[in-house]
Structure formats: structure tokens, C-alpha cells
Amino acid sequence: MGMLLHPTASRHVRRTLSNVLMSRRERLVSSSDFKNSYLVKNVEKETTFVKGVGLTPDIGLHLMTPDMSIWHKKAEMSRSTSIFQEDPYWAIYWPGGQALARYVLDNPYLVAGKRILDLGCGSGACAIAAAVAGAGGAGNSVTANDVDPVALAAAALNASNNGVEITLLEGDFLGHVDFLSANFDVMLVGDLCFDQDLARRVLSLGSEFVSRGGRVLLGDPGRWVLNSETKDENRLKCVAKYELPTEVVSQNSGLVNGMVYAVGESEIKI
Ligand SMILES: C[S@@+](CC[C@H](N)C(=O)[O-])C[C@H]1O[C@@H](n2cnc3c(N)ncnc32)[C@H](O)[C@@H]1O
């Protein structure tokens with residue numbers, strides 16, 4: 001597992017991450033190396049820059065779009081090209097992520113000046129929304145995390161296109177609540193409840209993170225895993241509900257709304 005850090009990451013976060021890296025014998029790669037990397041250049045080359053659509057028309061992202069031939073290819077065929085070897089979740093702006101990014105932009109006080117982690121960042125849209133809304137500062141930066149290094153390349157490229165800087169963190173940190181609560185105040189989770197096992201791990205991490213004083217905001221478009229029982233068990237409070245724009249509905253059959261939930265809070269307080 002590699003680890004990628006932006007040069008503006010605070011010394012504290014760098015030191016903490018370095019300790020994690022050393023303890024797990026992982027690799028530290030500077031983002032300036034990454035910025036000119038094969039991955040970033042390929043994300044740029046093989047995607048379309050999309051702006052002005054969805055719930056956050058103000059944020060532009062490199063995405064796979066219906067006018068690209070790869071959109072219509074079967075998954076196995078799409079994996080034959082260099083950057084689409086794994087399922088390219090990062091190349092889609094998921095409706096749960098759109099709702100969460102919109103909510104963050106509309107409620108900047110929730111993130112301003114805070115240390116933010118965008119868990120399972122994909123394209124990096126929620127991290128970018130947090131940075132645009134004034135998160136970070138005072139030596140802290142907004143951090144985007146994903147298990148897929150291509151997602152981090154896309155997030156880096158997208159951050160730069162939106163005029164913000166973010167820190168990139170690669171790997172699966174769902175079992176590392178000590179590390180996460182020591183380094184972040186708010187965790188943003190965009191559309192990670194599409195899979196039952198992943199949702200169970202994310203919700204368990206979210207509850208523990210909140211019990212240690214953090215805040216977790218989760219965007220979801222009504223995936224079946226988040227039924228009323230799961231919501232009650234994990235104390236999910238719906239804090240916003242958005243109507244998805246027509247083009248988003250047409251690409252996500254059956255989903256018409258994007259919800260934002262706060263984990264373990266009866267109301268959102270400033
Ligand atoms: C459905 S996409 C959502 C992307 C983005 N948050 C959005 O809303 O547009 C899920 C993302 O989570 C990432 N992911 C899956 N399991 C993960 C894990 N254990 N830790 C971090 N990221 C993970 C995937 O690689 C993918 O980019």
C-alpha cells in the first residue's frame with residue numbers, strides 16, 4: 001500500500017503518517033512526483049472535464065461520460081485500457097457524493113477551519129467542496145482517501161482544476177479509528193453504502209469516530225443497505241434531502257433524491 005502526501009500537509013500530519021508508514025513498512029511518495037505521474041496524465045487524457053451539471057455545477061471534474069465509448073463497453077472490455085483496469089468508481093460522480101458536496105458548500109461552517117477526511121473520495125468532489133468551503137487552514141489541509149491510487153490521481157487533478165490543494169492518503173483505514181480520530185475532526189462519506197460489507201465497516205467506524213468527539217456526514221441516494229433498521233441502529237439523522245437533477249436521475253435508474261445523514265447527532269449544531 002502506498003501513501004501520497006501533498007507538500008502542504010501539516011508537519012504534524014506528516015509526522016503521524018510517517019510513523020504509520022514506518023510501522024507498516026509502507027512507502028511515502030511526494031505529490032510533486034505524483035502530479036507529473038503517468039496516472040494523472042492518463043486520467044486527464046482518458047476522461048472528459050465536466051462542469052455545470054449535477055448538484056454542484058460550480059465544481060468541475062474529470063469523469064467518464066455517456067458520450068465516451070468506454071461508458072457503453074462491458075466492464076471486462078473497459079478494464080483493457082490503462083487506467084480502467086479496476087472498476088473506475090472515481091470516474092463517476094456518485095449521487096450520494098453530489099448531495100454531500102452540495103451540503104458542505106451550503107453549510108461551510110460545518111467544515112471551516114476543520115481537519116477533514118473524505119473517505120472513499122473517488123473523484124475527490126467532497127474533499128474539493130470542503131476545501132472550497134474553507135476547511136483546513138492553519139497548517140491543516142483537507143485529506144482525500146481512497147484504496148484506489150487512480151482515484152487519488154483523479155482527486156489531485158480535480159483539486160488543481162478547482163484551484164484548491166488537498167492531501168492524498170492511499171489505503172484502507174476503516175480499521176484505524178485511533179489514527180483517524182487523532183488527525184481529523186470531520187469525516188465525509190460519499191456513497192459508500194452501495195455494498196453491505198463495506199457499509200457495515202463504514203458505519204461501525206463512523207459510530208466510533210463520533211463517540212470520540214468527531215463528526216461524520218454521510219451522503220446516500222437511498223441505497224437498499226440503508227434501510228430504516230440500519231439507520232436506527234447507527235443513529236443516522238437525515239439533515240438534508242436534495243432532488244437529483246434530471247441527468248443524474250437518468251444515469252442512476254430508480255434514484256431520485258440525495259440525502260445527507262449525520263451519524264449519532266440529534267441535530268447539527270454549530
Ligand atoms: C461509490 S464510489 C464513491 C466516490 C465518491 N465518494 C463519490 O461520492 O463520488 C466509492 C469509492 O470508495 C472507494 N473505496 C472502497 N472501499 C474503500 C475503503 N475501504 N477505503 C477507502 N476507500 C474505499 C472506492 O475505490 C471508490 O472510489
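## Close-up views of a predicted model

**View 1. Ala-130, a well-surrounded residue.** Ala-130 has 31 C-beta neighbours inside 10 Å, so it counts as buried. This is a predicted model, and our tour of it starts here, in helix H7, where Ala-130 sits. Setting aside neighbours within four places in sequence, Ala-130 is in contact with Val-104, Val-111, Ile-116, Asp-118, Ala-135, Val-142 and Leu-188. Val-164 makes a nice example of distance along the chain versus distance in space: it is 34 residues from Ala-130 in sequence, and the two C-alpha atoms are 9.8 Å apart.

**View 2. Helix H7 under cover.** How many residues of H7 are buried? Eight of its eight, so to speak a mostly covered helix. Here they are by name: Ala-125, Cys-126, Ala-127, Ile-128, Ala-129, Ala-130, Ala-131 and Val-132. After the helix comes Gly-134, with a positive phi near 100°.

**View 3. Strand E5 and its two partners.** E5 covers residues 116–119, and its side chains go two ways: Ile-116 and Asp-118 point one way, Leu-117 and Leu-119 the other. In a regular strand, side chains alternate between the two faces of the sheet. Buried or exposed, these four? All are buried. E5 pairs with E8 in the parallel sense, over four bridges, and with E6 in the parallel sense too, over three bridges. Asp-118 is a handy landmark for both pairings: it stands opposite Leu-188 in E8, and its bridge partner in E6 is Ala-144.

**View 4. The seven-stranded sheet.** Step back a little and E5 turns out to belong to an open sheet of seven strands, in the order E7-E6-E5-E8-E9-E11-E10, with mixed pairing. Strand E7 (166–170) and strand E10 (236–243) stand at the edges with a single partner strand each, so one side of each has no neighbour in the sheet. From one strand to the next, the twist averages 20°. Strands of a sheet pair through backbone hydrogen bonds, either parallel or antiparallel. One parallel pair is E8 (residues 186–190) with E9 (residues 215–220), joined by five bridges. In that pair, Gly-190 stands opposite Gly-219 of E9.

**View 5. Two helices lying across the sheet strands.** Helix H8, residues 149–161, lies across E6 and E7 and runs at about 175° to E7. Helix H10, residues 196–211, lies across E8, E9 and strand E11 (257–263), and its angle to E9 is about 150°.

**View 6. The largest nonpolar core.** Which members of this 72-residue core touch the most other members? They are Val-104, Ala-127, Ala-130, Ala-155 and Leu-188. Among the elements, H8 gives the most to the core, with nine residues. Look at Leu-188 for a taste of the surroundings: beyond its neighbours within four places in sequence, it is in contact with Leu-100, Val-104, Ile-116, Leu-117, Asp-118, Leu-119, Cys-126, Ala-130 and Leu-217.

**View 7. Around the ligand.** A shell of 25 residues surrounds the ligand, and the closest are Trp-94, Gly-97, Gly-120, Gly-122 and Gly-190. Which elements give two or more residues to that shell? Helix H6 (95–106), helix H7 (125–132) and strand E6 (142–146) do. As for character, the shell divides into 14 nonpolar, seven polar and four charged residues.

**View 8. Two residues with positive phi.** Most residues other than glycine have a negative phi. Asp-191 has a positive one, near 60°, and its place is in the loop between E8 and H10. Arg-235 has a positive phi as well, near 50°, and lies in the loop between helix H11 (228–233) and E10. What about their surroundings? Asp-191 has 25 other C-beta atoms within 10 Å, so it is buried. Arg-235 has 16 C-beta neighbours inside 10 Å and therefore counts as partly exposed.

**View 9. The whole chain, for orientation.** The secondary structure of the chain comes to 12 helices and 11 strands. Of the 270 residues, 44% count as buried. Among contacts between residues at least 6 apart in sequence, 73% join residues at least 24 apart.

Definitions and conventions:
Residues are numbered from 1 along each chain as its sequence is written. This is a predicted model: local features need pLDDT of at least 70, side-chain atom pairs count only at pLDDT 80 or more; totals for chains, interfaces and linings use all residues. A residue is near a molecule or strand if its C-beta atom, placed from the backbone, lies within 6 Å of it. Ala, Val, Leu, Ile, Met, Phe, Trp, Tyr, Cys and Pro count as nonpolar, Asp, Glu, Lys and Arg as charged, and the others, Gly among them, as polar. Two strands pair if DSSP finds at least two bridges between them. Axes are lines fitted to C-alpha atoms, for helices over the stretch in contact, and angles run from 0 to 180 degrees between N-to-C directions. Two residues are in contact if their C-beta atoms, placed from the backbone, lie within 7 Å. A residue is buried if 20 or more other C-beta atoms lie within 10 Å of its own, exposed if 12 or fewer, and partly exposed in between; C-beta atoms are placed from the backbone. A nonpolar core is a set of buried Ala, Val, Leu, Ile, Met, Phe, Trp, Tyr and Cys residues joined through C-beta atoms within 7 Å.
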